[in-house]
Amino acid sequence: MPRLDEIQIRDPFVLPDPATGRHLLVGSTDPNIWGGPATGFDVYSSPDLQVWGGPHPAFRPPSDFWSTTQYWAPEVHEHRGRWFLFATFGHDDPAVRRGTQILVADEPTGPYAPHSDGPVTPADWECLDGTLHVDARGRPWMVFCHEWVQIRDGAVCAVRLAEDLTAAVGEPIELFTASQAPWAEEIRPSGHEPGFVTDGPFLHRTADGTLVMLWASFRGGRYAQGVAVSTTGSVEGPWRHEPEPLYTADGGHGMIFRALDGRLLLALHSPNRTPEERAMFIELEEIPGGLRLR
């Protein structure tokens, strides 16, 4: 059974499962995560967040599945008694845009099958990293990134979902762009025009009712984890950016979970280099109007 530092994983997502006394871990785990044929998604499980059972297959694409590569950023969410996996899928044909599709299962460990008819992100947008948010009125939304590789100043957007999570309802709204955060810096990678990155949005409501969003970009040439705060408590914002990142040591694409021992933890991957990336769990505390590392 591998220890956490032995598992190559990006975009880690942890689901505590009190019924079994274990934490479930999913993420982007193909050894060649950036290209080549994709395998699917696996799930690990652990009682203590240190030693993990698995991997066990959670999703393997059917023979007629549209996506062939770049299976990224799976998230598992319960909604109305079923389990939904939001994940990014790509294609070898550059005319087929990357996007987030929703899968479904009867158990959190899967097996998952396609639920939406292809991606629920716009067909002509390059998108990734969709996450589920249910608002105060019980309406499901997906928050996702419109990729910087297409628009240069990457954006975080939100779109209403059908109650059964099969499709988007209406048009997406832009919540903010990366350059609006005072800490985010432009990157200049070889082979691409310069741009500002948005990655990995994840929403969390604190005990005092504040709605915060984790998202990742770059600071000083390294991956960094930022926080934005909704000034209205609504996913529609406006969103105010914390002036400094939460984490700057070449790690990001974070999410928040409460471990079975009661600790509030930030999960992210670091360093942001393949194949060295590993999941890290860092204790958080809620403060009035936001979050900080404990």
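**Hairpin, sheet and cores in a predicted model**

In the hairpin formed by strand 9 and strand 10, glycine 138 adopts a positive phi near 85°. Five residues lie between the two strands of this hairpin. The structure is a predicted model. Strand 9 spans residues 127-134 and strand 10 spans residues 140-146. Their pairing is antiparallel and runs over six bridges. Within this pairing, leucine 132 is placed opposite methionine 142 of strand 10. Seven of the eight residues of strand 9 are buried, so the strand is largely enclosed by the rest of the structure.

An open sheet was found with four strands in the order 5-6-7-8. Its pairing is antiparallel. Strand 5 (69-79) and strand 8 (113-114) form the edges, and each pairs on one side only. Strand 6 covers residues 82-90 and is joined to strand 5 by seven bridges in the antiparallel sense. One residue pair can be named here: glutamate 78 has tryptophan 83 of strand 6 as its bridge partner.

Threonine 69 belongs to strand 5. Its relative accessible area is 2%, below the 20% cut-off, so threonine 69 counts as buried. The threonine 69 side chain reaches the backbone oxygen of glycine 36 at 2.6 Å. Beyond its neighbours within four places in sequence, threonine 69 contacts Gly35, Gly36 and Ala38. Phe89, Gly90, His91 and Asp92 are also among the contacts of threonine 69.

Leucine 85 lies in strand 6. Its relative accessibility is 0%, and leucine 85 is therefore classed as buried. Residues up to four places away in sequence were again set aside for its contacts. Leucine 85 then touches Pro74, Glu75 and Val76, as well as Gln101, Ile102 and Leu103. Phe41 and Tyr112 are also touched by leucine 85. Leucine 265 is 180 residues from leucine 85 in sequence. The C-alpha atoms of leucine 85 and leucine 265 are 21 Å apart in space.

Nonpolar side chains tend to be buried together in soluble globular proteins. The largest nonpolar core of this model has 47 residues. The members that touch the most others are Phe59, Val76, Phe89, Tyr112, Leu214 and Phe257. Strand 18 (residues 264-270) supplies the largest share of this core, with five residues. A second core of 23 residues is separate and includes Trp141, Ala178, Ala228 and Val235.

Phenylalanine 89 was examined further. Not counting residues up to four places away in sequence, phenylalanine 89 touches aromatic residues including Phe41, Phe59, Phe65, Trp66 and Tyr71. Ser67, Thr69, Gln70, Arg98, Gly99, Gln101 and Leu103 are also touched by phenylalanine 89.

Aspartate 11 is located in strand 1 (residues 10-17). Aspartate 11 is buried, yet has no salt bridge. The nearest side chain of opposite charge is that of arginine 10, at 4.7 Å. A salt bridge needs a separation within 4 Å, so arginine 10 does not qualify as a partner. A polar contact is present instead: the side chains of aspartate 11 and histidine 253 are joined at 3.2 Å. With neighbours within four places in sequence left aside, aspartate 11 is in contact with Val26, Gly27 and Ser28. Trp72, Ala73, His253 and His269 are also in contact with aspartate 11.

How values were computed
Residues are numbered from 1 along each chain as its sequence is written. This is a predicted model: local features need pLDDT of at least 70, side-chain atom pairs count only at pLDDT 80 or more; totals for chains, interfaces and linings use all residues. Side-chain values use heavy atoms; hydrogens and water are left out. A nonpolar core is a set of buried Ala, Val, Leu, Ile, Met, Phe, Trp, Tyr and Cys residues joined through side-chain atoms within 4.5 Å. Buried means under 20% relative accessible area, exposed over 50%, partly exposed in between (1.4 Å probe, protein chains only). Contact means heavy atoms within 4.5 Å. Two strands pair if DSSP finds at least two bridges between them. Lys and Arg count as positive and Asp and Glu as negative; His and the chain ends are not counted. A polar contact is a pair of N or O atoms within 3.5 Å; within protein, one must be able to donate a hydrogen and the other to accept it, and residues adjacent in sequence count only if both atoms are side-chain atoms.
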